[in-house]
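Here is a close look at one part of a protein chain. We start with the whole and then zoom in.

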Amino acid sequence: MDDRYGTDVLAKGWRDAGRRVVPQVPAERDLVVEVAADGYCGAVTRVASGTVELEDRHGRRRLFPLGPGFLVDGAAVVLTVPKPVAPTGTRRTASGSFAVEDAKARVARPSRILVEGRHDAELVEKVWGHDLRVEGVVVEYLQGVDLLAEALEAEPPSAERRYGVLVDHLVPGSKETRIAEAIARGRHGKHVRIVGHPFVDVWQCVRPESLGIARWPEVPRSVEWKVGVCRALGWPAEDQADLARAWQRILGRVTTFRDLEPALLGRVEELIDFVTA
């Protein structure tokens with residue numbers, strides 16, 4: 001007699017009997033995926049921090065959590081993190097330069113790169129860290145450009161000890177520009193190169209499309225810039241811990257130099273050339 005209840009109701013897997021298994025598909029780059037919930041369709045551009053980024057045919061990008069809820073060729077799938085691909089041939093660093101394989105960190109040069117702001121220093125380390133270690137260049141955190149003259153007096157630069165300095169908001173008429181021009185005219189100017197980007201904060205050096213947004217929000221001058229950005233993007237901004245988490249969220253979207261604005265890329269490369277010449 002056919003026993004429709006089976007022979008053992010306590011056997012493992014009885015709950016899944018007859019249930020359709022949804023296949024798991026690695027979210028490889030350029031895989032075309034449809035979102036079951038709203039019909040959004042796009043190609044995979046990146047996978048990071050448990051999310052997948054899709055770009056539609058109009059160039060618009062959106063983020064979705066990895067997992068179920070996607071269709072590939074009309075069939076339901078579960079998107080998973082793709083397996084890392086073993087590098088072949090010559091590898092490039094995050095900055096785009098050729099990686100020096102198995103190279104030990106060089107003994108630090110006397111020359112230094114000073115970077116105004118902790119976030120700025122973290123961004124430089126993430127993209128140019130390999131290059132700087134190969135060249136033996138140390139990046140030091142500069143609390144503020146206002147303290148640069150004092151730092152130069154404490155440890156004066158020379159032909160053998162050059163300083164490259166990266167600052168925010170280096171535009172005509174700004175406080176940063178006035179300080180840079182005064183130092184360039186002073187006795188240390190010959191051995192110091194001060195460059196900067198035009199943005200209010202280094203956050204803006206990350207390209208908006210890398211964050212899945214069309215542009216950086218405009219913030220009124222009456223509102224602290226980072227706080228205004230977080231509020232406009234719907235992120236918490238109650239205290240410094242919230243701002244720190246926001247920066248880590250932004251930094252996590254940076255994987256190569258392509259995620260940064262050219263206005264920053266050229267300036268950092270200029271400083272590396274200056275201190276290693």
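Q: How much accessible surface does the chain have, and what share of it belongs to carbon and sulfur atoms? Then please go through helix 4 closely: which of its residues are buried?

A: The model is predicted, so local features need pLDDT of at least 70 and side-chain atom pairs pLDDT 80 or more, while totals for chains, interfaces and linings use all residues. Numbering runs from 1 along each chain, and side-chain values use heavy atoms, without hydrogens or water.

The chain has an accessible surface of about 16800 Å² (Shrake-Rupley, 1.4 Å probe). Carbon and sulfur atoms hold 52% of that surface. There are 277 residues, and 40% of them count as buried (under 20% relative accessible area). Six helices and eleven strands make up the secondary structure (DSSP runs of at least four and at least two residues). Take the contacts (heavy atoms within 4.5 Å) with a separation of 6 or more: 63% of them join residues 24 or more positions apart.

Now helix 4. It spans residues 225-232. Six of its eight residues are buried, so the helix is largely enclosed by the rest of the structure. The buried ones are Trp225, Lys226, Val227, Gly228, Val229 and Cys230. What do they pack against? Their partners are helix 1 and helix 5.

Look next at the two ends. At the start of helix 4, Glu224 offers a side-chain oxygen. That oxygen comes within 3.2 Å of the backbone nitrogen of Lys226. Just after the helix sits Gly234. Gly234 has a positive phi of about 80 degrees.

Lys226 also leads to a pocket (an open set of 1 Å grid points with protein on both sides within 12 Å along at least five of seven lines, for a 1.4 Å probe). The second largest pocket has a volume, filled by probe spheres, of about 360 Å³. Its lining has 17 residues, each with an atom within 4 Å of a point. Lys226 is among those closest to the centre of this pocket, along with Gly117, Arg118, Asp120 and Asp201. Helix 1 (118-135) and helix 5 (240-251) each give two or more residues to the lining. These helices are also the packing partners of helix 4's buried residues.

To recap, helix 4 is largely enclosed, with six of eight residues buried. Lys226 is one of those buried residues. Its backbone nitrogen lies within 3.2 Å of a side-chain oxygen of Glu224. Lys226 also lines the second largest pocket.

Notes. Buried means under 20% relative accessible area, exposed over 50%, partly exposed in between (1.4 Å probe, protein chains only). A polar contact is a pair of N or O atoms within 3.5 Å; within protein, one must be able to donate a hydrogen and the other to accept it, and residues adjacent in sequence count only if both atoms are side-chain atoms.
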